[in-house]
Amino acid sequence: MPDSRNPDLPPPGPGQSVETAGSAASGAGAHRPWWADAVVYEVYPRSFADADGDGEGDLAGVRAKLPYLEALGVDAIWVAPWFPSPMADGGYDVSDYRDIDPRYGTLEDATTLIAEAGERGIRTIIDMVANHTSDQHPWFQAALAAPEGSPERARYLFLEGKGPDGSEPPNNWISAFGGPAWSRTTNPDGSPGQWYMHMFAPEQPDLNWDNEQVQQDFDDILRFWFDRGVDGIRVDAAPAFFKTPGYPDADYGGDLRFLAAAWVGNPHWDVDEVHGILKRWRRVGDEYDGDRVFVAEAVVNGAERLGLYLARDEMHTAFNFEFLKASWDPGLRRIIDDTLEVLAPVGSPPTWVLGSHDETRLATRYGRARTGALHLSDGQGSPTDLRLGTRRLRAAALLMLALPGGAYIYQGDELGLPDVEDIPDHLLQDPMWLRSGHTIRGRDGCRVPVPWSGDAPPFGFSPDGAATEPWLPQPAAWAGLTVEAQDADPDSVLWLHRHALRLRRENAGFHTEAFSWRDSAPEVLDFERGPGLRCVLNLSGAPVELGTDWDVLLSSVPLEAGALPHDATAWLKARPS
Ligand code: GLC
């Protein structure tokens with residue numbers, strides 16, 4: 001159990017006071033940065049709330065729902081990309097980093113949103129997609145128009161093809177969305193030209209992060225947003241930024257799926273030089289006061305590799321994908337231990353994440369025979385017991401919110417929304433669907449617009465009488481899952497989250513690093529957060545006695561004859577003696 005600081009820790013680097021190091025901040029009087037234990041709510045703007053009735057969410061919609069978020073009790077929002085985008089990958093294909101997509105509103109709407117959220121005590125984290133741009137970005141258009149070897153092309157990864165006529169890709173790298181990571185260009189005279197690299201869709205050409213111009217431009221883009229008041233940056237696809245020079249073939253061991261969490265020594269993922277780039281970003285952030293946070297999206301092989309992103313002069317925190325992808329079984333204990341053990345010495349508070357706009361909704365995943373997910377397509381379409389999935393989701397939420405560090409809630413998970421698995425094929429928009437030859441349906445099922453009220457679509461997502469339907473169809477069965485319906489039901493998933501977040505705020509033990517396991521059977525995760533505050537998750541088939549010295553603060557389902565039933569979590573407080 002990691003309960004002490006590593007005595008070999010180097011002194012804080014420039015711009016990094018001891019006070020801003022997450023786990024250094026629990027001593028008496030120490031300044032604990034807000035992000036050390038923040039609950040962050042992911043807003044996927046296209047699907048959150050549509051104020052103007054065009055069937056897609058917008059920033060006015062987010063502003064209108066700030067009272068809801070404040071009442072829920074979150075500390076921050078992370079807004080998925082809001083920049084102008086041709087939407088080849090749901091906004092993760094950016095054509096201008098200094099503006100807002102017109103479908104979402106204006107730059108002024110964004111600064112107003114940041115300010116209004118701040119007035120309610122809600123910080124704003126934005127999503128910086130810098131591994132790649134859109135192919136419609138003026139930089140890429142200029143590169144296509146410029147000759148081989150030009151500075152415009154040097155911003156991206158353009159290479160000659162292999163084979164006598166250059167008709168084969170420069171190497172064997174695969175794209176995260178299926179197929180090769182290379183596409184060939186066409187010269188102005190119509191002849192085939194160089195190839196360019198794209199770790200994701202062909203509409204998302206990778207930038208060349210070895211290029212000083214690229215580095216400088218992003219320094220300025222980060223400043224642009226910090227100047228507008230954002231409190232943090234999510235670094236999209238951080239391990240992809242740097243590619244091994246010479247671009248050698250990758251050894252995928254015969255499995256051509258994009259299994260980033262399993263790769264070791266891959267030449268286009270988690271290459272060590274990426275850390276130089278991220279440290280540079282950190283130096284830009286450190287120019288600003290107010291505990292600005294960088295959180296890395298870094299799917300890498302194990303907690304040790306992840307720890308490298310969290311060096312004192314690099315990212316403040318990173319998403320914990322091991323926890324996110326984990327099966328619903330006692331193996332969770334090991335993942336919690338690994339996370340705490342690796343992060344304590346580097347001084348970074350853990351994050352706990354259960355869902356996002358990239359993952360199968362929890363209620364669905366936890367209701368299947370296979371509850372873990374290494375790859376997005378794992379389990380897609382298999383039989384699902386939604387009742388069991390929802391029960392587990394409730395238990396998982398209380399586990400996550402009791403662990404030391406920050407937590408992330410993806411919009412709609414606080415309602416227990418299931419994945420929508422029957423979106424008609426012709427409406428699917430995720431590039432994975434097309435790129436996998438229509439074998440992987442992709443992530444649209446977790447991106448269906450949030451149901452707010454009423455008993456029929458659009459469930460208050462769009463205003464009454466809006467002419468345009470939501471961009472992805474909502475199931476009629478969601479009538480019972482709307483915010484309005486759950487608000488009226490004290491046993492709803494929504495109220496469970498509201499109660500949990502309020503108790504988390506009120507109980508000081510949750511705002512320390514204190515964590516210790518209590519003796520229990522291996523199928524029971526039983527831990528204390530400082531003296532007198534305890535969390536028990538029952539993953540065994542049998543009920544678990546909780547002892548007589550404890551009062552129940554909250555439980556994910558009612559106790560049965562004083563015992564905690566299966567697939568349930570309880571928060572307990574020691575009874576005053
Ligand atoms: C990240 C995003 C995902 C996107 C990808 C490419 O993984 O979360 O939605 O498709 O990066 O930018």
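**View 1. Residues around the ligand.** In this predicted model, 13 residues surround the ligand. Those that come nearest are D89, D236, E297, H357 and D358. As you get to know the site, these five names are a good place to begin.

**View 2. Polar side chains meeting ligand oxygens.** Let us look at D236, H357 and R443 in turn. For D236, a polar atom of the side chain sits 2.8 Å from a ligand oxygen. H357 also offers a polar side-chain atom, here 2.9 Å from an oxygen atom of the ligand. R443 joins in as well, with a side-chain N or O atom 2.9 Å from an oxygen of the ligand. On its own, the ligand has 310 Å² of accessible area, and the protein covers 95% of that.

**View 3. The space that holds the ligand.** Which cavity does the ligand take up? The ligand's space is the largest cavity.

**View 4. A closer look at D89.** D89, one of the residues that come nearest to the ligand, belongs to the loop that runs between β2 (76-79) and α3 (107-119). Is D89 buried or exposed? D89 counts as buried because its relative accessibility is 5%, and buried means under 20%.

**View 5. The neighbours of D89.** Leaving aside residues up to four places away in sequence, D89 touches F177, Q204, P431 and R443. With R443, the link is a polar contact of 3.0 Å between the two side chains. You have already met R443 in View 2, where its side chain has an N or O atom 2.9 Å from a ligand oxygen.

Methods. Residues numbered from 1 in each chain as written. Predicted model: local features only at pLDDT ≥ 70, side-chain atom pairs only at ≥ 80, totals over all residues. Heavy atoms only, no water. Helix = DSSP H or I, 4+ residues; strand = E, 2+ residues; numbered from the N terminus. Buried < 20%, exposed > 50% of the residue type's maximum accessible area, 1.4 Å probe, protein only. Polar contact = N/O pair within 3.5 Å; in protein donor to acceptor, adjacent residues only side chain to side chain. Contact = heavy atoms within 4.5 Å. Near = heavy atom within 4 Å. Areas by Shrake-Rupley, 256 points an atom, 1.4 Å probe, with all protein chains shown as cover. 1 Å grid on protein atoms, 1.4 Å probe; cavity = no way out; pocket = protein on both sides within 12 Å on 5 of 7 lines; lining within 4 Å. Sits in = over half its atoms within 2 Å of the grid points.
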